[in-house]
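Open the model in your viewer and keep the sequence panel beside it. The tour below goes from one selection to the next.

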Amino acid sequence: MPADYGFDPLGLANYDLNLGSVRDKARSKVDVVKDYRDAELRHGRLAMLAALAWPIQELASPSLAHDIGSKVLLTADGRSPSVLNGGLGAGPIPLVLLGTAAAIAALDLRALKIKEDSGRDWLPGDFGFDPLRILKGASPLAIKDMQAKEINNGRLAMLAITAYVIQEFITGEPIVVTSEQLFTPIYMYPWFQAILDHAFGIASFRAG
């Protein structure tokens with residue numbers, strides 16, 4: 001399978017079907033592993049969105065809220081609302097969470113239908129969604145390579161979002177503050193502005 005590097009310390013790929021449910025016993029080990037891969041892809045995709053959205057909302061929410069005259073939905077210390085940080089009951093957040101849960105449920109129903117219709121040809125994580133037609137006309141090798149990249153980026157994102165949550169909970173500060181170097185545009189650094197000054201004689205990008 002794509003992105004299979006033989007790393008399985010818990011032995012999930014060698015799961016004993018005889019220890020599972022009646023439903024598991026009726027399936028092959030390949031089917032069980034494909035379900036694991038499907039779950040990994042789903043969590044990876046969600047984590048990639050979260051890893052991007054988490055710092056963006058901490059950086060942009062105050063400005064956007066000010067521009068539209070709305071309440072800032074971050075916590076009092078500027079952290080993203082979460083189970084550990086609190087703030088999930090503020091404003092429209094509960095409604096957004098309900099809407100997200102409904103969207104996930106709809107996606108699950110569609111995924112089950114695709115899996116049933118595809119039979120033995122079912123590919124984990126394939127929901128028939130490719131609006132940019134990235135895979136159209138791609139060779140099997142190119143498709144496998146792209147699948148591996150998606151899985152690897154998803155794995156990295158799952159680690160990243162876990163680090164965000166733990167770091168904010170322990171420090172009590174936003175991730176964009178504790179890891180400022182990762183979220184500050186390069187043109188905001190004094191050394192970069194000095195390079196522009198020296199090269200062009202003008203600090204075009206100097207912050208006010």
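What follows is a series of stops, each with something to select and a note on what is there.

**The whole chain**

Start with the full chain, shown as a cartoon. This is a predicted model. The chain has 208 residues, and 23% of them count as buried. Its secondary structure comes to seven helices and zero strands. Read from the N terminus, the order of elements is therefore simple to write, as every one is a helix: α-α-α-α-α-α-α. Now turn on contacts. Among those in the chain with a separation of 6 or more, 52% are between residues 24 or more positions apart.

**Helices α2 and α4, and the cavity**

Select α2, which covers 29–68, and α4, which covers 140–171. How many cavities of 30 Å³ or more does the structure hold? There is one. The space in the largest cavity is about 40 Å³. To show its lining, select Glu40, Leu41, Gly44, Arg45, Met48, Glu150, Ile151, Gly154, Arg155 and Met158. Both α2 and α4 supply at least two residues of that lining. Colour the lining by type: four residues are nonpolar, two are polar and four are charged.

Empty space of this kind is found by rolling a probe the size of a water molecule over the atoms.

**Two residues of the cavity lining**

Keep Arg45 selected and hide the rest of the lining. Arg45 lies in helix α2. An unreviewed UniProt entry gives Arg45 the annotation "binding site". Is Arg45 buried, exposed or partly exposed? Its relative accessible area is 24%, and because partly exposed runs from 20% to 50%, Arg45 is partly exposed. Leaving out residues up to four places away in sequence, Arg45 touches Gly125, Phe127 and Glu150.

Go on to Glu150, in helix α4. Glu150 also carries the feature "binding site" in an unreviewed UniProt entry. With a relative accessibility of 26%, Glu150 counts as partly exposed. Which residues are in contact with Glu150, apart from neighbours within four places in sequence? They are Leu41, Arg45 and Met48.

**Other annotated positions**

Now select Glu40, His43, Lys149, Asn153, Arg155 and Gln167, which the unreviewed UniProt entry also covers with "binding site". Of these, Glu40 and Arg155 are in the lining of the largest cavity. Zoom in on His43, which is placed in helix α2. His43 counts as exposed because its relative accessibility is 52%, and the cut-off is over 50%.

**The second largest pocket**

Next, show the pockets and pick the second largest one. The space in this pocket is about 610 Å³. Its lining has 17 residues, and those closest to the centre are Phe7, Asp8, Arg37, Glu40 and Arg155. Two elements, α2 and α4, give two or more residues to the lining. Which element gives the most? It is α2, with four residues. By type, the lining divides into eleven nonpolar residues, one polar and five charged.

**Aromatic rings**

Select Tyr189, Trp191 and Phe192, which form one aromatic cluster. A search of the whole structure finds three aromatic pairs. One of them is Trp191 with Phe192, an edge-to-face pair with 5.9 Å from centre to centre and 90 degrees between the planes. Those two values are given because a pair of aromatic rings is described by the distance of the centres and the angle of the planes.

**Two positive phi values**

Most residues other than glycine have a negative phi. The last two selections have a positive one.

Select Ala3 first. Its phi is near 60 degrees. Ala3 is in the segment before α1, a helix that covers 22–25. Ala3 counts as buried, since its relative accessibility is 8% and the cut-off is under 20%.

Finish at Arg133, where phi is near 55 degrees. Arg133 lies in the loop between α3, which covers 93–118, and α4. Is Arg133 buried or exposed? Its relative accessibility is 56%, so Arg133 counts as exposed.

Key: Residues numbered from 1 in each chain as written. Predicted model: local features only at pLDDT ≥ 70, side-chain atom pairs only at ≥ 80, totals over all residues. Heavy atoms only, no water. 1 Å grid on protein atoms, 1.4 Å probe; cavity = no way out; pocket = protein on both sides within 12 Å on 5 of 7 lines; lining within 4 Å. Points joined across faces, edges and corners; volume = space filled by probe spheres on them. Nonpolar A, V, L, I, M, F, W, Y, C, P; charged D, E, K, R; others polar. UniProt positions renumbered as here; feature names shortened; annotations may be inferred. Buried < 20%, exposed > 50% of the residue type's maximum accessible area, 1.4 Å probe, protein only. Contact = heavy atoms within 4.5 Å. Phe/Tyr/Trp six-rings, centres within 6.5 Å; stacked < 30°, edge-to-face > 60°.
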